[in-house]
Amino acid sequence: TSDPPLPQEDIISLIATGATRGELNDSNVLASKAAMLLLEELGKKIKNLTGSDAPDLPLADRLDVEVLGTDPRTGQSATTTTFKLTDRIHIVGAIDQSGNYRGLLKFLVRFE
């Protein structure tokens with residue numbers, strides 16, 4: 001049951017995906033949900049491979065979004081998203097004002 005009352009299909013959809021059936025009809029919402037599920041699964045697989053290197057942080061705490069920062073490569077304003085898979089492996093995506101997209105997989109090496 002829910003308050004306010006929702007159809008059973010919407011309740012099941014909310015439990016499974018975090019969105020109602022109506023929201024899942026929006027392609028942007030559907031794409032973002034799919035990306036988050038993919039990152040979660042990828043994070044679990046990498047955590048299993050790397051052991052203790054993976055952070056024990058909630059998904060939202062491993063995601064960093066910088067809106068309209070400056071891309072050091074082009075000098076244009078860009079929105080950059082960084083997802084920390086482990087302490088050493090980060091996925092970075094950036095899109096500038098022209099619509100150019102760049103994705104990176106960063107592996108950090110630290111010398112002590």
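## Layout of a predicted protein chain

Read from the N terminus, the elements of the protein chain follow the order α-α-α-β-β-β-β. The model described here is predicted. In total, the secondary structure amounts to 3 helices and 4 strands.

### The chain as a whole

The protein chain has 112 residues, and 23% of them count as buried. Its exposed surface is about 8,200 Å², of which carbon and sulfur atoms supply 56%. Among the contacts with a separation of 6 or more, 19% are between residues 24 or more positions apart.

### The sheet

The 4 strands make an open sheet in the order 1-2-3-4, and their pairing is antiparallel. Strand 1 (63-70) and strand 4 (101-107) stand at the edges; each has a single partner strand, so one side of each is left without a neighbour in the sheet. From one strand to the next, the twist averages 15°.

How many bridges join strand 3 and strand 4? Strand 3, which covers residues 89-96, pairs with strand 4 in the antiparallel sense over 7 bridges. At one point of this pairing, Gly93 has Gly103 in strand 4 as its bridge partner.

### Two residues in the strands

The table sets out the relative accessibility of one residue from strand 3 and one from strand 1.

| Residue | Strand | Relative accessible area | Class |
|---|---|---|---|
| His90 | strand 3 | 14% | buried |
| Val65 | strand 1 | 46% | partly exposed |

Is His90 buried or exposed? His90 counts as buried because its relative accessibility of 14% is under the 20% cut-off. Which residues does His90 touch, leaving aside its neighbours within four places in sequence? The contacts of His90 are with Thr82, Phe83, Lys84, Leu85, Leu104, Leu105, Lys106 and Leu108. Strand 4 spans residues 101-107, and Leu104, Leu105 and Lys106 in that list of contacts fall within this range.

Val65 lies in strand 1, one of the two strands at the edges of the sheet. With a relative accessible area of 46%, Val65 is partly exposed, because that class lies between the 20% and 50% limits. Val65 also belongs to a nonpolar patch on the surface, together with Val67 and Leu68. The accessible area of Val65, Val67 and Leu68 together is about 290 Å². Strand 1 runs over residues 63-70, a range that takes in Val65, Val67 and Leu68.

Conventions: Residues numbered from 1 in each chain as written. Predicted model: local features only at pLDDT ≥ 70, side-chain atom pairs only at ≥ 80, totals over all residues. Heavy atoms only, no water. Buried < 20%, exposed > 50% of the residue type's maximum accessible area, 1.4 Å probe, protein only. Contact = heavy atoms within 4.5 Å. Areas by Shrake-Rupley, 256 points an atom, 1.4 Å probe, with all protein chains shown as cover. Pairing = 2+ DSSP bridges. Axes fitted to C-alpha atoms, helices over the stretch in contact; angles between N-to-C directions. Patch = residues over 30% accessible without salt bridge, like charges linked within 9 Å, V, L, I, M, F, W, Y side chains within 5 Å. Salt bridge = Lys/Arg side-chain N within 4 Å of Asp/Glu carboxyl O.
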